[in-house]
Structure formats: C-alpha cells, structure tokens
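Student: I am new to this structure and would like a close look at a single part of it. Could you walk me slowly through the place where the two chains meet, and then show me how it fits with the rest?

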Amino acid sequence: MNGAAAATPLVSARIVGKTFQDFEALIEVDCDVMRGEVVCIIGPSGSGKTTFLRCINQLETYDKGSIWLEGELLGYRRVGEALQPLTEKEIARQRRKTGMVFQRFNLFPHLTALQNVTEGPIQVLKRRPAEAREQAMALLARVGLEAKAEAYPAELSGGQQQRVAIARALAMQPQLMLFDEPTSALDPELVGEVLQVMRDLAADGMTMIVVTHEMGFAREVSDRVIFMDKGRVVETGTAAELMSNPREERTRGFLKSVARG
Amino acid sequence: MHTTPDRAGRETAPGTVSDLDISKMRTIRTIPYGRILSVGLIVLAAFGIVRAFAMGDINWAITWQYMFWPTIMMGLFNTIWMSIVCMAIGVVIGLMCAIARDSVNPVLRGASIFYTWFFRGAPLILQLLIWFNLALVFPRLSLFGLFEARTVEVITPVTAAILGFGLNAGAYASEIIRAGLLGVDRGQFEAAKAIGMTGATALRRIVLPQAMRTVLPPLGNEFISMIKMTSLASIIGFSDLLRSVQNLYFVNTRVIELLMVATVWYLVVVTILSIFQQMLERRFGRGFVRRAQR
C-alpha cells in the first residue's frame, strides 16, 4: 500500500442527508473510516444509525451529500456537471466491497450453512464450487461452526446463525464489514459467542462499522465511537473519551439511560 | 359429593388439595359417540355404492376390453401433452406477470393487472371459441412482414387449445406465484443484494426457491384442473381422452362402460401427478421442516 492510499479513508461520508417522506432520517452526517479501523455507532433507536449503515451498503439511497468507498462515489457516476445513477449491475459490483450482517441474520433458509457461505462466491464471483466449498469450510471453522456445515438455519441457534451470517459476508472478501445491531435479536447467553467472532475479526485488521447497543464491546474493541441522535452525528471520539467523558449533554443522557437499563 | 383418594389411598374432601398422582390411577375411556356414528355411516354408504355398481347394469368386461384401446390411448396422450404444454406456458406467463405486477413501472404493472383481469374474467369456453374463430376477425396473420399465413392454416384445434388454455392458466398462475413471492421475507432480498447479487440472480437463487414452497400446492391444483379442463377443447375438435371415449360410445352405445374407462385414466394421471407434486414439495421444503438434530 502506498502512502496516498493509506491516507485516503476507506469510507467517507460528506454531509449525507436522507429523507423518508417528511421524516429526516439523516442530517449532515460526516464520517471517515480509515482502513483497519473499528468504528461503533451508538445512539437511541430512530437516531439514523441503521439508515446510515444501509446507505453505505446501498440498501437505501441517500439524497444529500456524498458517500465514497475507496475514493469511488457510491450510487452515481459524474457526467460533467451532472449525475447519472449507476445501473443495478454496477451497484451490485460496488456492494461486493462491503459485507453486511443483519440484526435478524437473514440466512437463506433453504440452503445449508455451507451453501449459505458458498452462494455468493459461486453465483456472484463465479468461483469453482470445489474451491468455494474449501474456502467456506475454512470460514466456518473460523467462526467455530465447521461441524454444522450441513445444518439448515432452522436447526441452528440464533448465535450460530449469526456466526454463519458473518462467514457468509466474509466469503465475498469484503474491504469493509457492516454490522447492524448483530446481537440485538439474540438471547442474552448467545451474545458472547457472536461478539467473540467480531473481536477476532477486529484483531485480524478488518475494517468494521458496528451499530450496537453493546457498550462493553464498543469500549473494548472500537477505535472510535460515533454517537448519533435524531439523524445527526452528535459526538465522535475514542471509546474512552466519549464514554467516560462525553462533551455533549445528549450523549451523557443516552449513556446514563443505557447504564441504567 | 365426589371424593378422590390421595397417595395413601385416603379419601379427601373436595376443595382441598391432595398429593394426587394421576399416573397411578386407572383412566376411564370416554366413548366418542360422534366418531363411531360417522364411521358407521361411511361404511354403510361405501357398501351401498359398491353393491350398486356391482349389481348395476355395467358390463365391466367391456370396460376392461377398452381400457387400452388405441384411440383411447391416443386421446389420453393428447390430454397429457396438452396439459403439460399449457401448464408450462401458464407458469412462464404467470411468473412474468407476477414480477411485472410488483414493478416500479406503472405500464408493466397495468399490463399485468389487465392481463389477469381479462383472462381470468372471460369464460374459458368462450376464450377457446374466440381463438378457434380468429380467422373471422383476421383472415391473414403476419409478423412484421417476416412471416405471413392464412389464419385458418395456423389456428388448428391444437393451436387454439394451446392459446386458450395456456393464456388462461397464466392468469391464474400469476396470482399464485405473486402470493408466493409476497410470502418471502424482504430481508432475504436484502441479504442476497448484500452479497452482491443483482435482482434477477436474487430472484432466481434466493426468493423463487423459497416461494416454491407455498406456490407448489395451489399450482398442483391448477395442473389437476387443467388435465380435466382439456376435455373442454373437444368443442373445437381437439380429440382428448373424453372425446375419444365419446367417439367410441356413439358407435357401440356402451356409454357407462366407456365413461368408466375415462374415469380410471383420469384418476391414474391425477394420482401420478400428486405423487410427483409430493416429491417436489419435499424437495423445496428442505430447510423448513425441522429434521432430527444430529
């Protein structure tokens, strides 16, 4: 990696705005994520955290500002002074750089754990099935589930399903992993196993943006924490700064309410 | 007033709790009078029907004699291939209509709604007659000058039947498939897109296979009714199973015997189809039926 590339953030959001009908979900969101960084986004529900994440993965379109991935504008091509929306194929190609883990896992129920992981490489990257299977088994081993390769999602616990979902996203060899409240739908005793996989991933140098309510995880793993409220980024800082010594009143209020709960 | 014995066999007064253990006690069977009565009625009715047919004026030997009669075999073959071809056309059209129905483009959406409205609304016999008599409206058919022919030569009983049944089946299949697509969780589409799939790939690999599970039973129903509906095409001169049987009894007057031949063949075809449907349902139900934990 040369010096210039290292200095360019992997993801840049510039004054991003998004309006649903008459509700402003995102307002002037600015954010840079460097390669290898782990950024946690915290905030009350309805604060725009998930919408922001979905905009990065283009499951949602943004309508103000711009989002850049590896210096490439997401969703549009510039034609002189005008903008042209990318075709579905081009958007799909941009999306391959990011992996997404959903709150409700969204594993493909008609495929086994192994097939869930090989589906993307075989269908999208056109890998040879044997090669894809080998890579998938390695990924399942990495999330501790090689023994469950032939199980269908309905036969797995929530924690196991989410670990398969992480392996499925990793199989596309993304530059960036997005986690949308990955432990919120889990029984409390299953949260730990998923967080452990994420911790390992962070230690391996994966760039991650994690929307989470797990304050302990945010404190321990993240390089930076972003606090969002009512569609805006209220405060950004290292986990220690933001959580022990928040500058903003709203951040203090939120942290207090989470600590109580 | 009833009393119940406790573990030690002591009688306890009602209203007090004892350490009664129901597994230690004899259970008195409740007699299901309703069920016994209905079983009795069914057996009686079955006996009556079998007796009536056995003693009735049917010469079963003749039924058996015509079972594999060449013209009947031909009619059976026609019924089967016509059903398969029309159902295949119906499923393809139905799939396109179901996808168009949820398109962002209002023209595609409108066309799909119009198609379903028209081909589901007009009686099937009427549609068959219109197709068969197309030559009255358009004496010549041409395709941008590439191909031209006299309509009467193109619209035979076979093509009219294929058009009539196929387009009609498409209208019904579109609603069935649409319901199936709506039943698949939105998150499946998002997850498919998140691993870089285009909408078409997501539909083919992720959404449709899951929709198949709910689509198959009603689609199987459609197939079965299609097999029986092909007999309607006899009015435009298509010789299906029923028609071939009628042709025979018009000559030899063995009406019931030959109708029984047709009945047997229809039931055979539908039975084979049901078995095939069950196999398909099992195939597409994978992952949804909990298997024993290993």
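Tutor: Here is a walk through the contact between the chains, followed by some pairs inside each chain. Please keep in mind that this is a predicted model.

Let us begin with the contact itself. Chain B brings 27 residues to it and chain A brings 29 residues. A common way to describe such a place is by area: the size of an interface is often given as the accessible area lost when the parts come together. Between chain B and chain A that area is about 2,400 Å², and carbon and sulfur atoms give 53% of it. On the chain B side, B:Glu190, B:Ala194 and B:Ile195 together supply 23% of the area that chain B buries against chain A, more than any other three residues.

Now look at what holds charge and polarity here. The count between the chains is 2 salt bridges. One of them joins the side chains of A:Glu119 and B:Arg205, at 2.6 Å from N to O. There are also 8 residue pairs in polar contact between chain B and chain A, counting pairs with both residues at pLDDT 80 or more. Which elements of chain B give two or more residues to this side? They are α9 (186–194) and α10 (199–229). Of the elements, α10(B) gives the most, with 8 residues. Sorted by class, the chain B side has 9 nonpolar, 9 polar and 9 charged residues.

Chain B also has a contact within itself. Its domain assignment gives domain 1 (31–61) and domain 2 (66–285), and 5 residues from domain 1 of chain B touch 4 residues from domain 2 of chain B. The area buried between these domains is about 350 Å², with 67% from carbon and sulfur atoms. In domain 1 of chain B, the residues that lose the most area to domain 2 of chain B are B:Ile58, B:Asn59 and B:Trp60, together 77% of what that side buries. The rule finds 0 salt bridges across this interface, while 1 residue pair is in polar contact, both residues being at pLDDT 80 or more.

Salt bridges do appear elsewhere, and the whole structure has 23 over all chains. In general, side chains of opposite charge can pair when their charged atoms come close. In chain A, A:Arg14 pairs with A:Asp32, with the closest N and O atoms 3.1 Å apart. This pair links strand β1 (residues 11–20) of chain A, which holds A:Arg14, to strand β2 (residues 23–33) of chain A, which holds A:Asp32. Another salt bridge joins A:Glu37 and A:Arg224, with the closest N and O atoms 2.8 Å apart. A:Glu37 lies in the loop between β2 and β3 (38–42) of chain A and A:Arg224 in strand β11 (residues 224–229) of chain A, so this pair ties together parts that are 187 residues apart in sequence. Are A:Glu37 and A:Arg224 buried or exposed? Both are buried.

In chain B, the side chains of B:Glu175 and B:Arg101 meet in a salt bridge at 3.4 Å, N to O. B:Glu175 sits in helix α8 (residues 157–182) of chain B, and B:Arg101 in helix α3 (residues 70–101) of chain B, 74 residues apart.

Notes
Residues numbered from 1 in each chain as written. Chains lettered and ligands numbered in written order. Predicted model: local features only at pLDDT ≥ 70, side-chain atom pairs only at ≥ 80, totals over all residues. Heavy atoms only, no water. Domains from an automatic or database assignment. Contact = heavy atoms within 4.5 Å. Buried area = accessible area lost by both parts, 1.4 Å probe. Salt bridge = Lys/Arg side-chain N within 4 Å of Asp/Glu carboxyl O. Polar contact = N/O pair within 3.5 Å; in protein donor to acceptor, adjacent residues only side chain to side chain. Helix = DSSP H or I, 4+ residues; strand = E, 2+ residues; numbered from the N terminus. Nonpolar A, V, L, I, M, F, W, Y, C, P; charged D, E, K, R; others polar. Buried < 20%, exposed > 50% of the residue type's maximum accessible area, 1.4 Å probe, protein only.
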